[in-house]
Amino acid sequence: MRIGELAKATGTTARALRHYEQAGLIASERAANGYRVFDDRTVVRVRNIRHLLAAGLTLDDVQVFLPCLDGDVTAAPPSDRGLRIALDRLAVLNERIATQTEARDRLQAALREQTGDRIRPVA
């Protein structure tokens with residue numbers, strides 16, 4: 001299948017697919033006309049990549065999961081390395097959330113100080 005067909009089948013963009021390919025997560029061959037051609041099985045792989053990215057992992061993190069990207073990645077038991085990466089990513093996300101929460105609270109306090117209670121920030 002061509003890149004546009006793969007993009008449509010996986011709900012992503014051709015640009016994202018080229019990025020996954022550049023990262024070594026998916027592979028294509030070139031047709032005589034130079035177009036990228038992907039194996040039909042790449043649909044599962046891309047969906048798994050997107051699932052892991054949506055869970056907060058990075059493309060570099062996803063590299064660790066290469067051996068199981070062609071199957072049901074959610075049903076496979078995680079490796080020790082995969083668990084460690086997921087736990088590290090969770091710690092990073094928790095730190096970012098805490099930093100953003102502190103910034104929001106400071107801004108909210110400053111607004112209250114300046115406006116009294118006339119303006120209520122959206123929670």
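Helices here are DSSP runs of H or I at least four residues long, numbered from the N terminus. Keep that in mind as we walk through this predicted model.

Start with the overall layout. The chain has five helices and two strands, and reading along the sequence gives you α-α-β-β-α-α-α. It isn't a neat ball: the radius of gyration is 21 Å, where a compact globule of 123 residues would come in near 14 Å. The C-alpha trace spans about 70 × 35 × 20 Å along its principal axes. Just 25% of the 123 residues count as buried. Still, of the contacts between residues at least 6 apart in sequence, 50% join residues at least 24 apart.

Now for the inside. The largest nonpolar core holds 21 residues, and the members touching the most others are Leu17, Tyr20, Ile26, Ile49, Leu52 and Val62. Helices H1 (3–10), H2 (14–22), H3 (42–54) and H4 (59–62) each chip in at least two residues, with H3 giving the largest share, four. Take Leu52: leaving out residues up to four places away in sequence, it touches Leu57, Val62, Phe65, Leu69 and Val73.

H3 also carries a polar residue worth a look, Asn48. Is Asn48 buried or exposed? Buried means under 20% relative accessible area; Asn48 has 9% relative accessibility, so it counts as buried. Setting aside neighbours within four places in sequence, Asn48 is in contact with Cys68, Leu69, Asp70, Gly71 and Val73.

Finally, the outside. The chain exposes about 8,700 Å², with carbon and sulfur atoms supplying 53% of that. As for charge, the mean positions of the 19 positive and 16 negative charges lie 6 Å apart.

How values were computed: Residues are numbered from 1 along each chain as its sequence is written. This is a predicted model: local features need pLDDT of at least 70, side-chain atom pairs count only at pLDDT 80 or more; totals for chains, interfaces and linings use all residues. Side-chain values use heavy atoms; hydrogens and water are left out. A nonpolar core is a set of buried Ala, Val, Leu, Ile, Met, Phe, Trp, Tyr and Cys residues joined through side-chain atoms within 4.5 Å. Buried means under 20% relative accessible area, exposed over 50%, partly exposed in between (1.4 Å probe, protein chains only). Contact means heavy atoms within 4.5 Å. The radius of gyration is taken over C-alpha atoms; the globule rule is 2.2 Å times the number of residues to the power 0.38. Accessible areas come from the Shrake-Rupley method with a 1.4 Å probe; for residues, only the protein chains shown count as cover. Lys and Arg count as positive and Asp and Glu as negative; His and the chain ends are not counted. The place of a charge is taken as NZ of Lys, CZ of Arg, CG of Asp or CD of Glu.
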